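Visitor: I'd like a close look at a single part of this protein: how its strands come together into sheets. Could you walk me through that, and then show me what else sits around them?

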Amino acid sequence: MKVKTVEEIEAALAPVAAAVGVEIYETVFKQGKNPSLTIYLDTDREGGIDLDTCEKFHNAADPVLDELDPTYGQPYTLNVSSPGLDRPFRKDSDFRRNIGKKVEVKLYAPRKGEKFFEALLVDFDAIGGNVTLEKDGETFKLNLTQIVKISQAIEFD
């Protein structure tokens, strides 16, 4: 099935996201027997993305997607969701939003014998692609090329 690019879809939906007060975190199109377009939303708002926000975005996105026709007339299912608490950081805003918070880091190669650890995200340099972390009283930098995944640490009370 021929589909428009993720960039085209996100560009068309960006004004909808702004109107709803969210940003598009990721757009995924799955082909197959039951094709689907899933839009993952994110926000800085307290409480994050809830079901009402997803529904509001879905309803506002429908006419825009009908006009864009991302599948050139072929049927698909539109899903709108939160990326979840354990989502990997992808955009500069993900890193900036989590400065001062505990993060989980998974590396390609071990650092001091560890490929997976938790640390405090101290700083993020978007130009150099570096994160500054603090673990066990030590502050150090890692380049994003060294990191498989970095995400917010989930703490249970």
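Guide: Happy to! Let's begin with the open sheet of 3 strands, which has the order 1-2-3 and mixed pairing. Please keep in mind as we go that this is a predicted model. At the edges of this sheet you will find strand 1 (23-30) and strand 3 (77-81), each of which pairs on one side only. Ignoring direction, neighbouring strands here are turned by 15 degrees against each other on average.

Now look at the pairing itself. Strands of a sheet pair through backbone hydrogen bonds, and they can do so either parallel or antiparallel. Strand 2 and strand 3 run parallel and are joined by 5 bridges. If you want a spot to click on, try Ser 36, which stands opposite Thr 77 in strand 3.

Two helices pack on this sheet. Helix 1 (residues 6-20) touches strand 1 and strand 2, and its direction makes about 140 degrees with that of strand 1. Helix 2 (residues 51-68) touches strand 2 and strand 3, with its direction at about 145 degrees to that of strand 3.

Next comes another open sheet, this one of 5 strands, in the order 7-6-5-4-8 and with antiparallel pairing. Strand 7 (138-143) and strand 8 (147-152) each have a single partner strand, so one side of each is left without a neighbour in the sheet. From one strand to the next, the twist averages 40 degrees. Within this sheet, strand 5 (residues 114-125) and strand 6 (residues 130-135) pair in the antiparallel sense over 5 bridges. A good pair to display there is Asp 123 and its bridge partner in strand 6, Thr 132.

Since you asked what else is there, let me finish with the largest pocket, whose volume is about 400 Å³. Two elements give two or more residues to its lining: strand 2 (36-42), which you have already met in the sheet of 3 strands, and helix 3 (92-97). The lining is made up of 20 residues, and those nearest the centre of the pocket are Thr 43, Gly 48, Leu 85, Arg 87 and Gln 152. By character, the lining residues divide into 8 charged, 7 polar and 5 nonpolar. For a bench view, you could colour the lining by those three classes and keep strand 2 and helix 3 drawn as ribbons beside it.

Note on methods:
Residues are numbered from 1 along each chain as its sequence is written. This is a predicted model: local features need pLDDT of at least 70, side-chain atom pairs count only at pLDDT 80 or more; totals for chains, interfaces and linings use all residues. Side-chain values use heavy atoms; hydrogens and water are left out. On a 1 Å grid over the protein atoms alone, a cavity is a set of points where a 1.4 Å probe fits but cannot get out, and a pocket is an open set with protein on both sides within 12 Å along at least five of seven lines; lining residues have an atom within 4 Å of a point. Grid points are joined across faces, edges and corners, and a volume is the space filled by probe spheres set on the points. Helices (H or I, at least four residues) and strands (E, at least two) are DSSP runs, numbered from the N terminus. Ala, Val, Leu, Ile, Met, Phe, Trp, Tyr, Cys and Pro count as nonpolar, Asp, Glu, Lys and Arg as charged, and the others, Gly among them, as polar. Two strands pair if DSSP finds at least two bridges between them. Axes are lines fitted to C-alpha atoms, for helices over the stretch in contact, and angles run from 0 to 180 degrees between N-to-C directions. Contact means heavy atoms within 4.5 Å.
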